[in-house]
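Okay, thanks everyone, let's get going. I'd like to walk you through one structure today, so have a look at the screen.

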Amino acid sequence: MAKTLLLKNASELVTCRGHAPKCGPAMQDIGIIEDGALWLEDGIIRKVGATDEVLSGIAATPDTVIDATGRCVLPGFVDPHTHFLFAGHRAEEFSWRLRGDTYMDIMERGGGIINSVRATRQASADELLAIGLRRLDSMLSFGVTTVEGKSGYGLDAATELKQLAVMAELDRQHPVEVVRTFMGAHAVPAEYKGRTDEFVDYLLQDVLPLVAEQRLAEFCDVFCEKGVFSVEQSRRLLTAAQSLGLQAKVHADEIVTLGGAELAAELGALSAEHLLHASDAGIRRMAETGVIAVLLPATAFCLREPYARARFMIDSGVPVALATDFNPGSCFSESIPLVIALAALYMQMTPAEIVTALTINAAAAVGRANRIGSLERGKQGDFVLLDHPSHLYLPYHAGVNCVATVVKRGEIVYERQRR
Ligand code: NIG
Ligand code: FE
């Protein structure tokens, strides 16, 4: 007998229906069903509709019933860009930035990512696992049911593999689904200082093939940035990754306009991320080639940089997703409420566009739009219940976590006490 779950009487069931990233006006269409219900069998959605309709079509008594009266129900949020698995912290660097140092100043002085690399190399797999479990708990409480995690705090074969293997174990142990991205080209480690091309050779010869062979990552990302990896070096790495079956992602135009957006379009990358300084031409090329823009407003906020031009991107036909970028440096925050508030107030995104950007488009940015990111027949039963009756409260209840209950694959995995 299948295990069944009925959710009924949702004041607003936000379905976000679709199996592909949405762009332009389609980002506004979030498929709201009033007084909505869901029927799940073995964690998979079998029926979606108005409560009357769904109830009339079921004969069996459900194993679990959730009464969502007065609540908005949405697909579980997908956080498609994080660097959540690292050891150590960089609170001191943050205080230096408050004083006026820039992110790149600190990196050029030998701080930044390299500091986290030192701590992560020293940490055992068990230590990283314990750290990861705690962080996933926190993300889950914000309604995140799937997260992408990047390596890149190892920068050597052993530690990169360790980071990815720990993320695979976290995926097995924790209800939050963890999608892995290899980002060995995150910074140039001390032992290769001044020899970036040789470090790229090392990654190509000694690390990437192991990652591919052991199926430790689905995606490959590069910090394509002035003073870090050039467009040419990024192209070499990503092309090799693609030939080994990994899809490309690019940290593009975060600090300066370098042509990362154009590179993502040229390579047919799945996504280009950050894009604070992406050129008009780069954005248009992304629209033409269907590259997803993963925007990270909490990073712009923490770096006191201008926000990515979400409005121009959406109006140009680029599918936009949102993510936290949770990492120890540029954005030590896994807060979805912060991302929502900034996207609404500073990026001119509408509440409906924000919902699309955190659900179906974010699912597409991790290659899972056919399985998660919307509430419709055949999809995985991942959803959240808010304290409020409508998705409009997400930006309105500014900076506050509105998530009361989280369901993953048909199981209640998080319940907050009522306020
Ligand atoms: O997305 N830009 C590169 N990577 C991260 C920062 C990582 C770190 O500072 O540890 C980012 O901003
Ligand atoms: Fe990042």
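Let's start with helix α9, residues 260-267, where six of the eight residues are buried, so the helix is largely enclosed by the rest of the structure. Before going further, keep in mind that this is a predicted model. The buried ones in α9 are Gly260, Ala261, Leu263, Ala264, Ala265 and Leu267. And what covers them? The cover includes strand β9 (219-224), helix α8 (231-243), β10, β11 (271-274) and α10 (280-289). Right after α9 ends, you'll find Gly268 with a positive phi of about 65°.

Now, β10 was in that cover, and β10 takes us to the metal. Which residues hold the iron ion, ligand 2? The protein donors are His81, His83 and His251, each through NE2, plus Asp325 through OD, and they sit 2.1 to 2.3 Å from the iron. If you like motifs, the spacing of the donor residues along the sequence reads H-x1-H-x167-H-x73-D. His83 lies in the loop between β6 (77-79) and α2 (91-99), while His251 is in strand β10, residues 247-252, so this pair ties together parts that are 168 residues apart in sequence. Are these two buried or exposed? His83 counts as buried at 2% relative accessibility, and His251 is buried with a relative accessible area of 2%.

Stay in that loop between β6 and α2, since Phe86 is there too. The structure holds ten aromatic pairs, and one of them is Phe86 with Phe332, edge-to-face, 6.3 Å centre to centre with 70° between the planes. That pair links distant parts of the chain: Phe332 sits in the loop between β13 (320-322) and α13 (336-346), 246 residues from Phe86. The two partners have their own surroundings: Phe86 is buried, with a relative accessible area of 0%, whereas Phe332 counts as partly exposed at 46%. Another pair is Tyr192 and Phe199, a tilted one, 5.3 Å centre to centre and 50° between the planes. Here Tyr192 is buried at 17% and Phe199 is buried at 0%. Back to the other pair for a second: Phe86 and Phe332 belong to one aromatic cluster together with Tyr153 and Phe326.

What does Arg135 touch around there? Leaving out residues up to four places away in sequence, Arg135 touches Phe84, Leu85, Phe86, His89 and Phe326. This arginine is in helix α5, residues 125-141, and counts as buried at 11% relative accessibility. Its side chain reaches the backbone oxygen of Phe84 at 2.8 Å. Also, Arg135 and Glu334 are 199 residues apart in sequence, yet 8.4 Å apart in space, C-alpha to C-alpha.

Phe84 leads us to the core. As a general point, in soluble globular proteins nonpolar side chains tend to be buried together. Here the largest nonpolar core has 114 residues, and those with the most contacts inside it are Phe84, Phe182, Leu275, Leu295 and Met349. Helix α7 supplies the largest share, nine residues. Domain 1 (4-75 + 371-415) and domain 2 (78-365) both give residues to this core, so it lies between them. For a feel of the packing, take Met349: among its contacts are Met27, Ala310, Ile314, Val320, Leu322 and Ile354. There's also a second, separate core of 17 residues, including Val179, Ala365, Ala369 and Ile372.

Since α7 came up, one residue from that helix. Thr196 lies in α7, residues 196-213, and is buried, with a relative accessible area of 19%; the cut-off for buried is under 20%. Beyond its sequence neighbours up to four places away, Thr196 touches Val188, Val228, Phe229 and Gln233.

Last stop, Glu177. You'll find Glu177 in strand β8, residues 177-185, and it is buried, with a relative accessible area of 3%. What does its side chain make a polar contact with? The partner is the side chain of Gln380, at 3.1 Å. Glu177 also touches several charged residues, among them Asp171, Arg368, Arg371, Asp382, Lys408 and Arg409.

That's my tour; over to you.

Notes. Residues are numbered from 1 along each chain as its sequence is written. Chains are lettered from A and ligands numbered from 1 in the order in which they are written. This is a predicted model: local features need pLDDT of at least 70, side-chain atom pairs count only at pLDDT 80 or more; totals for chains, interfaces and linings use all residues. Side-chain values use heavy atoms; hydrogens and water are left out. Donors are N, O and S atoms within 2.8 Å of the metal (3.2 Å for Na, K and Ca); water is not among the atoms, so sites may look incomplete. Helices (H or I, at least four residues) and strands (E, at least two) are DSSP runs, numbered from the N terminus. Buried means under 20% relative accessible area, exposed over 50%, partly exposed in between (1.4 Å probe, protein chains only). A polar contact is a pair of N or O atoms within 3.5 Å; within protein, one must be able to donate a hydrogen and the other to accept it, and residues adjacent in sequence count only if both atoms are side-chain atoms. Contact means heavy atoms within 4.5 Å. A nonpolar core is a set of buried Ala, Val, Leu, Ile, Met, Phe, Trp, Tyr and Cys residues joined through side-chain atoms within 4.5 Å. Domain bounds come from an automatic or database domain assignment. Rings of Phe, Tyr and Trp (its six-membered ring) pair if their centres lie within 6.5 Å; planes under 30 degrees apart count as stacked, over 60 as edge-to-face and the rest as tilted.
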